[in-house]
Amino acid sequence: MQRAFEMRRIAQERGDQAYGAVVVKNGRIVGEGISGVIVKRDPTAHGEMEAIRDASRRLGKNDLSGCEMYSSSKPCPMCETAAYWARISRLYFGGGIADDGPPRYPSC
C-alpha cells in the first residue's frame, strides 16, 4: 500500500489527479500506475487502469489471476470492472488498507 501512496504523490507532483495503484503477485509488485487523466488527456488513465496495463505488459498476459490490487482510494466502477475482467483476485484501498474483496461486475 505504501507504494500505491507513493504513486499517488508522483501523480500530484506531475500535475495530475491524486491517485495511484499497484498490482501485486506473490508479494512482488508486477504493475504500477499513476493517474494520467490530465497529463495524458485520457479519461481512462486512472491509476488502477495504468497499473493493470503495466502488469499485463510485464507479465505478458491479460489474465492477472492470483494478483491483488492496492489503490490509494476506492476504485471507481470503471476500474473495478477492469480489475474484474483482468481476473484480479482481491482489491485493497486507502490508508487503512480496506479489504474490498474480489472485484465485482457489474458495479456500474
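**Strand pairing and overall architecture**

Strand E1 (residues 20-25) pairs with strand E2 (residues 28-34) in the antiparallel sense, and 6 bridges connect the two. Within this pairing, Val22 lies opposite Glu32 of E2. The hairpin formed by E1 and E2 has 2 residues between its strands, and Asn26 adopts a positive phi near 50 degrees there. These features are read from a predicted model, in which local features are reported only at pLDDT of at least 70.

In total, the protein contains 3 helices and 5 strands. From the N terminus on, these elements follow the order α-β-β-α-β-α-β-β. The radius of gyration is 12 Å, close to the 13 Å obtained from the globule rule for 108 residues, and the protein is therefore as compact as a globular protein of that length. Along the principal axes, the C-alpha atoms fill a box of roughly 35 × 30 × 25 Å.

Packing was further described by burial and by contact separation. Of the 108 residues in the protein, 45% are buried. Among contacts between residues at least 6 apart in sequence, 44% join residues at least 24 apart.

With respect to the surface, the accessible area of the protein amounts to about 5700 Å², and carbon and sulfur atoms account for 50% of this area. The protein carries 16 positive and 13 negative charges, and the mean positions of the two sets are 3 Å apart.

Methods:
Residues are numbered from 1 along each chain as its sequence is written. This is a predicted model: local features need pLDDT of at least 70, side-chain atom pairs count only at pLDDT 80 or more; totals for chains, interfaces and linings use all residues. Side-chain values use heavy atoms; hydrogens and water are left out. Helices (H or I, at least four residues) and strands (E, at least two) are DSSP runs, numbered from the N terminus. The radius of gyration is taken over C-alpha atoms; the globule rule is 2.2 Å times the number of residues to the power 0.38. Buried means under 20% relative accessible area, exposed over 50%, partly exposed in between (1.4 Å probe, protein chains only). Contact means heavy atoms within 4.5 Å. Accessible areas come from the Shrake-Rupley method with a 1.4 Å probe; for residues, only the protein chains shown count as cover. Lys and Arg count as positive and Asp and Glu as negative; His and the chain ends are not counted. The place of a charge is taken as NZ of Lys, CZ of Arg, CG of Asp or CD of Glu. Two strands pair if DSSP finds at least two bridges between them.
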